[in-house]
Amino acid sequence: MIIFPAIDLKNGECVRLKKGDMNTSEKVAESPVDTALSFAASGAQWMHMVDLDGAVRGERVNHGVIVETVRACGLKAEVGGGIRTMADMEYYLTNGISRVILGSVALKNSALVREAMREFGGERVAVGIDARAGMVAAEGWVEDSSVDYIELAKRMEDAGVRYLIYTDIGRDGMMAGADLEGLQRLNEAVGCYVTASGGIRSMEDIRALSALDLYGAICGKSIYTGSLALAEAVRYCKGE
């Protein structure tokens with residue numbers, strides 16, 4: 001299982017939210033670049049970056065900071081937030097980003113997802129499924145839908161998507177433990193590579209997620225608060 005330490009950006013700063021609420025934004029680090037370098041020093045090979053402003057506004061906002069950070073640290077990065085067009089995807093994928101994450105647009109425009117798969121390939125485009133009580137949310141998590149997260153996952157698999165990131169919004173930033181039941185259901189329902197996000201707090205969660213045979217785990221607040229040692233998690237997942 002791959003550990004993806006996370007950097008969420010709001011106004012160019014590293015922040016964390018509680019349950020996806022932008023009003024709970026809390027600055028957690030001084031420098032995105034220094035933070036990414038610390039991830040690399042801990043043995044991480046990937047990181048997960050989100051443009052929170054972009055997610056709400058539906059356009060790229062913090063893309064300059066994201067590209068600068070990735071170039072400075074040398075890590076492979078997956079990036080989400082405000083990616084709505086083929087041009088957005090091309091911008092990131094030609095500026096050092098390894099994989100882009102489609103969120104709201106995947107719910108509303110499956111034709112674009114199919115086009116992205118044809119143009120960029122399954123390795124370079126993932127879909128983020130963010131759910132509240134099992135129902136998919138969009139537009140920076142402020143807009144709810146009546147679509148079940150498993151239903152959307154199956155639609156995306158049919159569209160050629162290979163990588164899914166599942167976030168339980170109610171757990172995100174709360175360090176209440178991962179949604180193991182929801183993740184197991186998803187992992188059994190589709191043949192995609194599934195990454196867990198939301199609620200991860202300790203090595204106990206990492207061990208439990210690894211036992212589900214998931215592709216990855218995104219860790220944010222737990223790293224910043226120190227409840228999870230990134231280096232230990234990375235070593236565990238490498239089998240060291």
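# Exercises on a predicted protein model

Asparagine 11 sits in the loop between β1 (2-10) and β2 (13-18). Helices (H or I, at least four residues) and strands (E, at least two) are DSSP runs, numbered from the N terminus. This is a predicted model, in which local features need pLDDT of at least 70, side-chain atom pairs count only at pLDDT 80 or more, and totals for chains, interfaces and linings use all residues. Residues are numbered from 1 along each chain as its sequence is written, and side-chain values use heavy atoms, with hydrogens and water left out.

## Exercise 1: Two loop residues

Find out what marks the phi angle of asparagine 11, and then look at aspartate 213.

Solution.
- Step 1. Phi of asparagine 11 is near 55°, which is a positive value in a residue other than glycine.
- Step 2. Asparagine 11 counts as exposed, at 60% relative accessibility. Here buried means under 20% relative accessible area, exposed over 50%, and partly exposed in between (1.4 Å probe, protein chains only).
- Step 3. Aspartate 213 is not a glycine either, and its phi is positive at about 65°.
- Step 4. The loop between α9 (203-211) and β12 (216-219) holds aspartate 213, and this residue is exposed at 64% relative accessibility.

## Exercise 2: The whole chain

Describe the overall build of the protein, starting from its helices and strands.

Solution.
- Step 1. Count the elements: the protein has 11 helices and 12 strands.
- Step 2. The radius of gyration is 16 Å, close to the 18 Å that the globule rule gives for 240 residues, so the protein is as compact as a globular protein of that length. The radius is taken over C-alpha atoms, and the rule is 2.2 Å times the number of residues to the power 0.38.
- Step 3. The C-alpha trace spans about 40 × 35 × 35 Å along its principal axes.
- Step 4. Of the 240 residues, 56% count as buried.
- Step 5. Now take contacts (heavy atoms within 4.5 Å). Among those between residues at least 6 apart in sequence, 67% join residues at least 24 apart.

## Exercise 3: Salt bridges across the chain

Which residue forms a salt bridge with arginine 60, and which one with arginine 162?

Solution.
- Step 1. A salt bridge is a side-chain nitrogen of Lys or Arg within 4 Å of a carboxyl oxygen of Asp or Glu. The structure holds 10 of these salt bridges.
- Step 2. Arginine 60 pairs with aspartate 88, and their closest N and O atoms are 2.9 Å apart.
- Step 3. Arginine 60 lies in the loop between α2 (52-57) and α3 (63-73) and aspartate 88 in helix α4 (residues 86-93), so the pair ties together parts that are 28 residues apart in sequence.
- Step 4. Aspartate 88 is buried, at 8% relative accessible area, while arginine 60 is partly exposed, at 23%.
- Step 5. Arginine 162 pairs with glutamate 123, with 2.8 Å between the closest N and O atoms.
- Step 6. This pair links distant parts of the chain, 39 residues apart: arginine 162 is in the loop between α7 (149-158) and β10 (163-168), and glutamate 123 is in the loop between α6 (110-120) and β7 (125-132).
- Step 7. Arginine 162 is partly exposed at 34% relative accessibility, and glutamate 123 is partly exposed at 38%.
- Step 8. Widen the view: a network of salt bridges links Glu78, Arg99, Glu123 and Arg162.

## Exercise 4: A pair within one helix

Where do glutamate 151 and arginine 155 lie?

Solution.
- Step 1. Both are in helix α7, 4 residues apart, about one turn of the helix.
- Step 2. Their side chains meet in a salt bridge of 2.7 Å, N to O.
- Step 3. Glutamate 151 is partly exposed, with a relative accessible area of 38%, and arginine 155 is partly exposed, with 33%.

## Exercise 5: Surroundings of alanine 44

Is alanine 44 buried or exposed, and which residues does alanine 44 touch?

Solution.
- Step 1. Locate alanine 44 in the loop between α1 (32-41) and β4 (46-51).
- Step 2. Alanine 44 is buried, at 7% relative accessibility.
- Step 3. Leaving out residues up to four places away in sequence, alanine 44 touches Pro5, Phe39, Leu75, Leu230 and Val234.
- Step 4. Methionine 135 is 91 residues from alanine 44 in sequence, and their C-alpha atoms are 32 Å apart in space.
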